[in-house]
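Work through the following exercises with the sequence and the model open beside you. Each task is followed by a solution that goes step by step.

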Amino acid sequence: MDPTVTIGIPAYNPGKWIIQTLESALSQDWEKKEIIVIDSGSTDETPSILNKYKDKIKLISLKKTLDTSESRNLILLEATGEWIQYLDHDDYLVEGKIKTQFEEAKEQIDSADVLYSPTYVEIWKNGSSIHQNNLLGADYQDPLILWLSWDMPQIGSYIWRKQSLLKIGGWDNLHLCEDYSLYMRAITNKLKFVYCPTPGAVYRVGHRHSRAVSHFIEILKDHDALLEEMIEYLKKEKMLTETRQAAILKNRFQKFLAYKSVDLSIADAYFKKHKELLEQKLPFRYRFGLSLGLSFSDMNKIKYMSRRLLPFFKER
């Protein structure tokens, strides 16, 4: 007998974007489903949009603004489903996503705590979608490697057994990276993740201003603190294999590049802290500059000046 699945959507000022979110949830061909939307004090057109769906969803409208983790925990408490499909208010599900995951996990469903699949990443620029088929979380079928590589699928790609999520305390609001904090607690508490190969959730990027943009540096630092905690756990459990060390290197290098894109002084400090590790992946031009005692700020200035001077030398 098919279990009931709760589709939980925390909402705060998504505006028009929530329409496709709701339609994708309603169109899921899973008969035993409920849709819970927490409107956390939206001040835009969101309340009027949600009001049009009130006969098809369970709408909880709040006057105060909750953070996303609090809204997700309220969904966890209100859910009548045995399983919970979370969905952010501006993302959407592919047709048949829930049914496909249960079909692909059927051999292990009795022991499963979490079902997960790769995520489609829909990249927007200047008001238009420019890429729709990028995949996140498709490189490995091991959630620990994905976590260490900073490549976990996005929130909409999971279906959680409600009791398992309650067992690990639900979502916390102590971290800006509340998703990676949850995944870390699920992994370290040995919840069983079952990989389902068909992507079923779409994660939008660049379509609107988001917390990931306004708090970019803070999010990077928070994620790095979680990484340090995970590394200590793996050392203690004697689980720090070569494959996992390689995943950590990938993570460190991605963070270094992210810091470098927004603040060279932070990138310099981060590189010095992890110099021995990061040097393994640096292109020669950077290793050479560092051997001369240059900082990344220095090298960036040299690169800028060379571009300015190159036309002058070409003319001569």
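A residue is called buried when its relative accessible area is under 20%, exposed when that area is over 50%, and partly exposed in between. The model used here is predicted.

**Exercise 1. Classify the two partners of the salt bridge between lysine 235 and glutamate 232 as buried, partly exposed or exposed, and place them in the fold.**

Solution. Lysine 235 has a relative accessible area of 48%, which lies between the two cut-offs, so lysine 235 is partly exposed. Glutamate 232, at 46% relative accessibility, counts as partly exposed by the rule for values between 20% and 50%. Both residues belong to helix H9, where they are 3 residues apart, about one turn of the helix. As a general point, an α-helix has 3.6 residues a turn, so residues three or four places apart point the same way. The closest N and O atoms of lysine 235 and glutamate 232 are 3.9 Å apart, and a salt bridge requires such atoms to be within 4 Å.

**Exercise 2. Check whether the span of helix H9 agrees with its number of residues.**

Solution. Helix H9 covers residues 216–236, which is 21 residues. The expected span is 1.5 Å times one less than the number of residues, and for H9 this gives 30 Å. The end C-alpha atoms of H9 are 31 Å apart, which agrees with the expectation. Beyond the helix, lysine 238 follows, and its phi is positive, near 55 degrees.

**Exercise 3. Describe the salt bridge between aspartate 224 and arginine 252, and decide whether its partners are buried or exposed.**

Solution. The side chains of aspartate 224 and arginine 252 meet at 2.9 Å, N to O. This pair links distant parts of the chain, since aspartate 224 is in helix H9 and arginine 252 is in helix H10 (residues 242–262), 28 residues apart. Aspartate 224 counts as buried because its relative accessibility is 7%, and arginine 252, at 4%, is likewise buried. Aspartate 224 is listed among the buried residues of H9, which also include Ile217, Leu220, His223, Leu227 and Tyr233.

**Exercise 4. Carry out the corresponding analysis for glutamate 78 and lysine 58.**

Solution. Glutamate 78 forms a salt bridge with lysine 58, and the closest N and O atoms of the two are 2.7 Å apart. Glutamate 78 is in helix H3 (residues 68–78) and lysine 58 is in strand E3 (residues 58–62), so that the pair, 20 residues apart, links distant parts of the chain. At 30% relative accessibility glutamate 78 counts as partly exposed, and lysine 58, with a relative accessible area of 35%, is partly exposed as well. A search of the whole structure finds 11 salt bridges.

**Exercise 5. Locate serine 48 and state what its side chain lies close to in the backbone.**

Solution. Serine 48 lies in helix H2 (residues 46–51) and is partly exposed, with a relative accessible area of 44%. A polar atom of its side chain lies 2.7 Å from the backbone oxygen of glutamate 45. Serine 48 and glycine 15 are 33 residues apart in sequence, while their C-alpha atoms are 9.5 Å apart in space.

**Exercise 6. Which residues make the nonpolar surface patch of about 350 Å²?**

Solution. The patch is made by Phe284, Phe288 and Leu292. Phenylalanine 284 is in helix H13 (residues 284–291), and its relative accessible area of 58% makes it exposed.

Technical notes:
Residues are numbered from 1 along each chain as its sequence is written. This is a predicted model: local features need pLDDT of at least 70, side-chain atom pairs count only at pLDDT 80 or more; totals for chains, interfaces and linings use all residues. Side-chain values use heavy atoms; hydrogens and water are left out. Helices (H or I, at least four residues) and strands (E, at least two) are DSSP runs, numbered from the N terminus. Buried means under 20% relative accessible area, exposed over 50%, partly exposed in between (1.4 Å probe, protein chains only). A polar contact is a pair of N or O atoms within 3.5 Å; within protein, one must be able to donate a hydrogen and the other to accept it, and residues adjacent in sequence count only if both atoms are side-chain atoms. Patches are made of residues with over 30% relative accessible area and no salt bridge: like charges are joined within 9 Å, nonpolar side chains (Val, Leu, Ile, Met, Phe, Trp, Tyr) within 5 Å. Accessible areas come from the Shrake-Rupley method with a 1.4 Å probe; for residues, only the protein chains shown count as cover.
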